[in-house]
Amino acid sequence: MFLMGRSEAGKTSLIQALKGEELHYIKTQYTNLEGDTIDSPGEYAESKHFSVGLACFSFEADVIAIVQAADEPYNLFGDCLHTFILRPLIGVITKTDSPYANVPMIRQWMESAGCDRIFEVNNVTGEGIEELTEYLKEDLPLLTLEEAKQRQALGLCEWDPLPENLL
Ligand SMILES: Nc1nc2c(ncn2[C@@H]2O[C@H](COP(=O)(O)OP(=O)(O)OP(=O)(O)O)[C@@H](O)[C@H]2O)c(=O)[nH]1
Ligand SMILES: [Mg+2]
């Protein structure tokens, strides 16, 4: 899973929570691969020069997660973000415990970005982490090149189900 989102959104903490660790603050200084996750510094997502680089990293991943804290005051991601990412896009809302949390607003941003699934988590208590873990355990069906081309010809993503009349 590739994680992107502004600095302090809780990306590194999310990795720690997924591993069942106590949170320990480490500022992410560079994009790094650890186990099954690619973590990136929030500053990359905050700069338009780096954001194309983020799209490139996404090609190395099975799933892309936008991470946004429930109390973020503004949105960094444009609408239809999924259109330039050739992988499933999910949203993870962190800091659901914040007194300034506005989860419906963040959900709306993530829906506009085109997230397939949206998860709400509290990295401190681990609430919501299990649901995300279950999703990550799901295997995408393997396709032949012909099957992938057929979906593309229909304007579908490779992981979208085929319409019933074509099954
Ligand atoms: N209350 C609360 N605090 C959180 C949560 N997730 C992360 N934090 C805190 O938010 C701060 C920033 O978390 P990080 O995980 O370092 O954020 P990041 O997105 O990796 O930031 P960069 O490395 O700068 O890109 C830390 O002090 C965390 O302890 C959460 O769900 N709830
Ligand atoms: Mg970090």
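This report describes strand 4, the nonpolar core and the ligand shell of a predicted model.

Residues are numbered from 1 along each chain as its sequence is written, while chains are lettered from A and ligands numbered from 1 in the order in which they are written. Local features need pLDDT of at least 70, side-chain atom pairs count only at pLDDT 80 or more, and totals for chains, interfaces and linings use all residues.

Strands (E, at least two residues) and helices (H or I, at least four) are DSSP runs, numbered from the N terminus. Strand 4 covers residues 64-69, and six of the six are buried, so the strand is largely enclosed by the rest of the structure. Buried means that 20 or more other C-beta atoms, placed from the backbone, lie within 10 Å of the residue's own. I64, I66 and Q68 lie on one side, and A65, V67 and A69 on the other.

Strand 4 pairs with two strands, as tabulated; pairing requires at least two DSSP bridges.

| Partner of strand 4 | Sense | Bridges |
|---|---|---|
| Strand 1 (residues 2-4) | parallel | three |
| Strand 5 (residues 89-94) | parallel | six |

M4 is bridged to I66, and V67 to V92.

The largest nonpolar core (buried Ala, Val, Leu, Ile, Met, Phe, Trp, Tyr and Cys residues joined through C-beta atoms within 7 Å) has 33 residues, and V67 and V92 are among those touching the most other members. Strand 4 gives the largest share of this core, five residues.

Around ligand 1 there are 20 residues (C-beta atom, placed from the backbone, within 6 Å). S7, G10, S13, T28 and G42 come nearest. Helix 1 (residues 11-18) gives the most to this shell, three residues.

Definitions and conventions. Buried ≥ 20, exposed ≤ 12 C-beta atoms within 10 Å, placed from the backbone.
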